[in-house]
Amino acid sequence: MIEVIQRAQVIRTEVGRYVEPAIAICKCGCRIELPDPLFNECENCGRWWNASGQEKIDPNSELARELDAEERAFGECADW
């Protein structure tokens with residue numbers, strides 16, 4: 001887990017609203033924005049983070065594909 005130095009904020013204006021992303025300091029020391037709830041990559045070291053500052057596995061890695069295949073197989077179980 002990394003330190004999130006600024007949480008995401010919803011900004012309301014007269015014409016609508018927008019979200020300012022969370023900001024964190026990666027383990028490599030680089031300041032990163034976390035606009036996506038699930039997958040945000042540090043451009044410096046390539047680590048992946050969610051918007052809460054939890055480290056994620058690379059969504060394009062072999063491990064991610066294996067876990068995705070296991071999830072799909074679990075979803076195809078017989079009737080409960």
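**Exercise 1. Contacts along the chain**

What share of the contacts in the protein chain with a separation of 6 or more comes from residues 24 or more positions apart?

*Solution.* The model you are looking at is a predicted one. Start with the contacts in the protein chain that have a separation of 6 or more, then pick out those between residues 24 or more positions apart: they account for 14%.

**Exercise 2. The overall layout**

Describe the elements of the protein chain and decide how its spread compares with that of a compact globule.

*Solution.* Step one is to count: the protein chain has eight strands and one helix. Step two is to read along the sequence, which gives the pattern β-β-β-β-β-β-β-β-α. Step three is to compare two values. For 80 residues the globule rule gives 12 Å, but the radius of gyration of the protein chain is 17 Å, well over that value, so the chain is more spread out than a compact globule. You can also look at the box that the C-alpha atoms fill along the principal axes, roughly 50 × 35 × 15 Å.

**Exercise 3. Surface and charge**

Find how much of the protein chain is buried, and how far apart the mean positions of its charges are.

*Solution.* Begin with the inside: of the 80 residues in the protein chain, 20% are buried. Now turn to the outside, where the accessible surface is about 6,200 Å² and carbon and sulfur atoms hold 49% of it. Finally, take the 9 positive and 16 negative charges; their mean positions lie 6 Å apart.

**Exercise 4. Cysteines without a bond**

Work out why the sulfur of Cys42 forms no bond with its closest cysteine sulfur.

*Solution.* First, recall that a disulfide is a covalent bond between the sulfur atoms of two cysteines. The cut-off to apply is 2.5 Å between the sulfur atoms. Next, check Cys42: its closest cysteine sulfur belongs to Cys28 and is 3.7 Å away, which is too far for a bond. Then check Cys30, whose nearest cysteine sulfur is that of Cys42, at 4.4 Å; Cys30 is in no disulfide. The total count of disulfides is zero.

As a last step, look at the surroundings. Cys42 is buried, with a relative accessible area of 1%, whereas Cys30 is partly exposed at 25%.

**Exercise 5. Three residues to compare**

Place Ala22, Ala8 and Ile11 in the chain, and say whether each is buried or partly exposed.

*Solution.* Take Ala22 to begin with. Ala22 sits in strand S4, residues 22–25, and is buried, with a relative accessible area of 2%. Beyond residues up to four places away in sequence, Ala22 touches several others, including Val4, Ile32, Leu34 and Ala51. Arg7 is 15 residues away along the chain, yet the C-alpha atoms of Ala22 and Arg7 are 4.4 Å apart.

Move on to Ala8, in the loop between strands S1 and S2. With 46% relative accessibility, Ala8 is partly exposed. Ala22 is among the contacts of Ala8, as are Val19, Glu20 and Pro21. Now try a pair further along: Ala8 and Glu41 are 33 residues apart in sequence, and their C-alpha atoms are 17 Å apart.

Finish with Ile11, which belongs to strand S2, residues 9–12. The cut-off for buried is under 20%, so Ile11, at 21%, counts as partly exposed. Outside its neighbours within four places in sequence, Ile11 is in contact with Gly16, Arg17, Tyr18 and Glu20. Ser61 is 50 residues from Ile11 along the chain, and 35 Å separates their C-alpha atoms.

Technical notes
Residues numbered from 1 in each chain as written. Predicted model: local features only at pLDDT ≥ 70, side-chain atom pairs only at ≥ 80, totals over all residues. Heavy atoms only, no water. Helix = DSSP H or I, 4+ residues; strand = E, 2+ residues; numbered from the N terminus. Rg over C-alpha atoms; globule rule 2.2 N^0.38 Å. Buried < 20%, exposed > 50% of the residue type's maximum accessible area, 1.4 Å probe, protein only. Contact = heavy atoms within 4.5 Å. Areas by Shrake-Rupley, 256 points an atom, 1.4 Å probe, with all protein chains shown as cover. Lys, Arg positive; Asp, Glu negative; His and termini not counted. Charge placed at Lys NZ, Arg CZ, Asp CG, Glu CD.
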